[in-house]
Amino acid sequence: MSGRRPAPVVTGTVRPGWEGVRDAFARSQAEDPGGAQLAVRRGGRTVVDLWTPGTGRFGYGAVPDGADGAGVTEGVRGTGTRAEHARRTEAGAGGDAETGYRNEHGAGTGGEVFRADSVGVLMSVSKALVAVCAHLLIERGVLDPDDPVARHWPEFAAAGKAETTVADLLAHRAGLPAYTDDPAGLPEALLLDPAARVRALAAMSPVWDPGKAFLYHALTYGDLVGEVVRRVSGESVGRFFAREVAGPLGLDLWIGLPEREEHRFVPQRAVRPDPTPGQVAQAVERAGLVPDDRLATSLRASSAELGRATASFGTRRGRAAEFPAAGGIGDARSLARLYAALVGRVDGVRLLSAATVDRARTPRTDHLPQPGALHRLDGPDRSRFGLGFELPRPGAPLLGEGSFGHAGAGGRLGMAHPESGLAVGYVCTAMAWEPSAGPDPRWMPWTDAVRKAAGLGGG
């Protein structure tokens, strides 16, 4: 038996000068059991549109479709050095006319095979969709990052949150990483009810003083920012996104998948089992937190809640529901088109002004510690946030200095670099990224090739 696996079948188009990205994408997917799509735009123009069905070799104790082995990772990812991450054990198509794409597989391409027009769960890449909605309202002058949340959502003032700002929500500074203080998390019946999630957050007291520390709000971010969008706009964040963003740009991106698009959906697959509640509790203790400390119980609750939500994405009910922080569904082509419209014009549409983008990518957490005992784990690879977007760090370098975007559990990625006009979307079905080990190995070859093709350096 040879130790060399055949190269994956990579289909799609690249423009002259970008062939190295296609080759790098093929190399990066050579060991990936799942499918993937990669789309790149430069100056609003498509330069790369590729996809591969993957090797299909799901081993490693793969769990049922829709399960996710990254629950704790999403809760506390990016909070310190890689060694510290490991010690915590992951605590924490509409076609494009420019590509000439034709779907040779016909309609009804859902199921197990990832194709050009397939769509999949985006996990935390979804947070960027929510952030765009908030920034549209900010740009229109009906919302301000410095507004107290309670100005728009009066019930939120309860339990010591009257001074919490919209910026605190966008930058993961609100002190509400879970919906409940019960370490078991919000039960499924309430977790699948958007109104119940919002009520729970309004009643919660913050785990730390809002604005004084930050920690990734893996699932609650979507309901915190999404409810502000709803109160200001009069419609849910999913409907607002569909009308104001996806519609004008012709995006195959949804917060709440319409039933008419179910035939295109391909489920995600885990390559490792979920951590058990006991393992999560042990990881939290190893981080130096006392078991009954509120921060410890919040981390355990967040992990449980994210696990339940992610499992629900394997069901029609879960995909139809609006889980704004993690349940977005779409393809790489639309992610690249979205980010391109943030930093320039796409078919005459620009979503945000350059000034709004600069405000969104200004660091908002670099000066803050993590809460409680977690501050001792701060290191060069901890997460960095602007207003709703991730900023480059060693574990998620994006497109380098000045870029912004958002990664998602398992390895999804959307990002842009305003100065170069680059916009990138990457969607995959194998939940393979392990944040404690640094960047996803699947990202690095093609990211380097994109930067080289764009004249930004690279190997």
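Here are three short exercises on a predicted model, each with a worked solution.

Local features here need pLDDT of at least 70 and side-chain atom pairs count only at pLDDT 80 or more, while totals for chains, interfaces and linings use all residues. Residues are numbered from 1 along each chain as its sequence is written, and side-chain values use heavy atoms, with hydrogens and water left out.

**Exercise 1. Find out where alanine 116 sits, and whether it is buried or exposed.**

Step 1: Go to the loop between α3 (82-87) and β4 (120-121), and you'll find alanine 116 there. Helices (H or I, at least four residues) and strands (E, at least two) are DSSP runs, numbered from the N terminus.

Step 2: Check its relative accessible area, which is 3%. Buried means under 20%, exposed over 50%, and partly exposed in between (1.4 Å probe, protein chains only). So alanine 116 is buried.

Step 3: Now look across to alanine 332. It is 216 residues from alanine 116 in sequence, yet the two are 9.4 Å apart in space, C-alpha to C-alpha.

**Exercise 2. Work out the strand order of the open sheet that holds β4.**

Step 1: Start with β4 and strand β7 (residues 328-330), which pair in the antiparallel sense over 2 bridges. Two strands pair if DSSP finds at least two bridges between them.

Step 2: Pick out a facing pair: valine 121 stands opposite isoleucine 329 in β7.

Step 3: Put the 3 strands in line, and you get β4-β7-β5, with antiparallel pairing. The edges are β4 and β5 (253-255), each pairing on one side only.

**Exercise 3. Describe the surroundings of β10 and of serine 420 in the loop before it.**

Step 1: Take the neighbours of β10 (422-428). Strand β2 (residues 36-42) is joined to β10 by 7 bridges, and β9 by 5; both run antiparallel to it. Tyrosine 426 has leucine 38 opposite and also leucine 413.

Step 2: Count the buried residues. That's 7 of the 7, so β10 is largely enclosed by the rest of the structure. Leu422, Val424, Tyr426 and Cys428 point one way, and Ala423, Gly425 and Val427 the other.

Step 3: Move to the loop between β9 (412-417) and β10, where serine 420 lies. Serine 420 is buried too, with a relative accessible area of 11%. Leaving out residues up to four places away in sequence, it touches Arg42 and Leu456; contact means heavy atoms within 4.5 Å.

Step 4: Finish with the hairpin of β9 and β10, which has 4 residues between the strands; here glycine 421 takes a positive phi near 75°.
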